[in-house]
Amino acid sequence: MEPTIKIEEDSVEFDEYAFYSAHNVVKTDGDAGGGDDSSEDDKQGLLLPVKPKRSAARLQIEDLFQISSVCSQNRNLLKQPFPIQTVNELNELDTLLLGNPTFMEKCAQMLHNAIQNEALENVTGHMRLLLEFAIDYSVLLKYSWFGFLPRSPIARGMGEQQPFRNLIGVIHLLHRARRLRFGKCSLEEIHEGIEKFLKRKLRCHALFVKKQNYVIQGMG
C-alpha cells in the first residue's frame with residue numbers, strides 16, 4: 001500500500017509577486033449611495049461585475065495559468081522535442097522515449113547542453129532548470145507528483161492535477177541528463193527532486209516570468 005503523503009503548494013505571497021483571486025466585485029445599492037431618484041438602468045449598471053484593475057507588478061490568475069497559443073498539430077517530436085507545449089505532446093514524448101533508446105540519448109544530450117554552465121549541485125534546482133527548458137509552464141502547472149486536487153485556491157483553479165510519476169520515460173530522461181553531468185545519481189533522488197519542484201511550481205513560475213521580463217527589458 002502506498003504511503004499517504006501530505007503535499008501542499010508553497011505560499012504564493014512573496015515580494016511584489018502576490019497573486020490574488022480575480023473575484024468579481026459587486027456593488028450594492030448601499031455602496032452606490034445613489035438615492036431613490038436614480039434610473040432603473042443606473043441601478044442595473046451598479047450590479048454589473050467590476051473587474052479589479054491590473055497592476056503591473058502583480059500577476060493575475062489568468063496570467064499565471066495562461067495556455068500557450070502555439071499551434072503544434074503538425075509538429076514532429078522526433079525532430080524537435082522541446083519545448084513541450086501541451087499535455088498530449090508530453091504523453092507522446094513519454095511514449096517515444098520508452099521505445100527508443102537512441103532518441104532518449106539525443107534528448108538527454110540536448111537538455112545537458114542547454115544548461116551545462118549552471119551550478120547544479122542541488123538535485124531539485126537541476127530538475128527545475130531541466131523541466132523549465134523542456135516543458136512549457138502551461139503544462140507543468142497541470143501536474144503534481146502524485147496527482148490530486150490541490151489545496152491552494154490558486155492552483156485549484158486548474159482542476160485536478162495530473163500525476164507526473166506516471167511519466168516513466170520523461171523521468172528516465174531527466175535521470176539520464178543528471179548522470180551526464182555528475183556521473184552517479186539514483187533514481188530516487190530524481191523522484192524527490194521532481195516532487196519538490198512540483199510542490200513549488202507556482203513560486204518557480206513567478207520567478208521564471210520575472211526573470212524573462214528582466215531579459216526582455218535588457219534587450220529593449
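# Close-ups of a predicted model

**Figure 1. The main nonpolar core.** The largest nonpolar core has 41 residues, and I135, F164, L174 and I194 are the ones with the most contacts inside it. Seven helices each put in at least two residues: α4, α5, α6, α7, α9, α10 and α11. The top contributor is α6, which gives 6 residues. This is a predicted model, so everything shown here is computed from predicted coordinates. As a bit of background, nonpolar side chains tend to be buried together in soluble globular proteins.

**Figure 2. The whole chain, for orientation.** Before zooming in further, here's the overall picture. The protein has 11 helices and 4 strands, and 36% of its 220 residues are buried. Take the contacts with a separation of 6 or more: 66% of them are between residues 24 or more positions apart. On the outside, about 13,300 Å² is exposed, with carbon and sulfur atoms supplying 50% of that area.

**Figure 3. Helix α6 and its surroundings.** Helix α6 runs over residues 123-134, which makes 12 residues. From first C-alpha to last it reaches 16 Å, close to the 16 Å expected at 1.5 Å a residue. At its N-terminal end sits a cap: a side-chain oxygen of N122 lies 2.9 Å from the backbone nitrogen of T124. The buried residues of α6 are V123, H126, M127, L129, L130, L131, E132 and A134. Their cover includes α5 (101-114), α7 (137-140), α9 (168-182), α10 (187-199) and α11 (201-219).

**Figure 4. Helix α9, end to end.** With 15 residues, α9 reaches 21 Å between its first and last C-alpha atoms, close to the 21 Å expected at 1.5 Å a residue. G169, V170, I171, L173, L174, H175, A177 and R178 are buried in this helix. Among the elements covering the buried residues of α9 are α4, α5, α6 and α10. Just after the helix comes G183, which takes a positive phi of about 80°.

**Figure 5. L174 and what it touches.** Now for one of the core residues with the most contacts. L174 is one of the buried residues of α9. Skipping residues up to four places away in sequence, L174 touches L111, M127, L130, L131, I190 and I194. Of these partners, M127, L130 and L131 are also listed among the buried residues of α6.

**Figure 6. L97, where α4 meets α9.** L97 belongs to helix α4, residues 87-99. Its relative accessibility is 2%, so L97 counts as buried. Leaving out neighbours within four places in sequence, L97 is in contact with F103, M104, C107, G169, V170 and L173. G169, V170 and L173 are buried residues of α9. Another pairing to look for is L97 and I168: they are 71 residues apart in sequence, yet 8.9 Å apart in space, C-alpha to C-alpha.

**Figure 7. Aromatic pairs, with Y143 and F164 in focus.** The structure holds 4 aromatic pairs. In one of them, Y143 and F164 meet edge-to-face, at 5.8 Å centre to centre and with 80° between the planes. Y143 lies in strand β3 (residues 143-144) and F164 in the loop between β4 (162-163) and α9, so the pair ties together parts that are 21 residues apart in sequence. Both rings are tucked away: Y143 counts as buried at 3% relative accessibility, and F164 counts as buried at 0%. Elsewhere, ring pairs link Y137, F197 and F208 into a cluster.

**Figure 8. S138 and its polar partner.** S138 sits in helix α7. At 7% relative accessibility, S138 counts as buried. Its side chain is joined to that of D136 by a polar contact of 2.7 Å.

**Figure 9. R200, between two helices.** R200 is found in the loop that runs between α10 and α11. Is R200 buried or partly exposed? At 36% relative accessibility, R200 counts as partly exposed. The R200 side chain reaches back to the backbone oxygen of K196, at 3.1 Å. Further off along the chain is S144, 56 residues from R200, and the two C-alpha atoms are separated by 9.8 Å.

Terms used
Residues numbered from 1 in each chain as written. Predicted model: local features only at pLDDT ≥ 70, side-chain atom pairs only at ≥ 80, totals over all residues. Heavy atoms only, no water. Expected span 1.5 Å × (residues − 1). Buried < 20%, exposed > 50% of the residue type's maximum accessible area, 1.4 Å probe, protein only. Contact = heavy atoms within 4.5 Å. Polar contact = N/O pair within 3.5 Å; in protein donor to acceptor, adjacent residues only side chain to side chain. Areas by Shrake-Rupley, 256 points an atom, 1.4 Å probe, with all protein chains shown as cover. Core = buried A, V, L, I, M, F, W, Y, C linked by side-chain atoms within 4.5 Å. Phe/Tyr/Trp six-rings, centres within 6.5 Å; stacked < 30°, edge-to-face > 60°.
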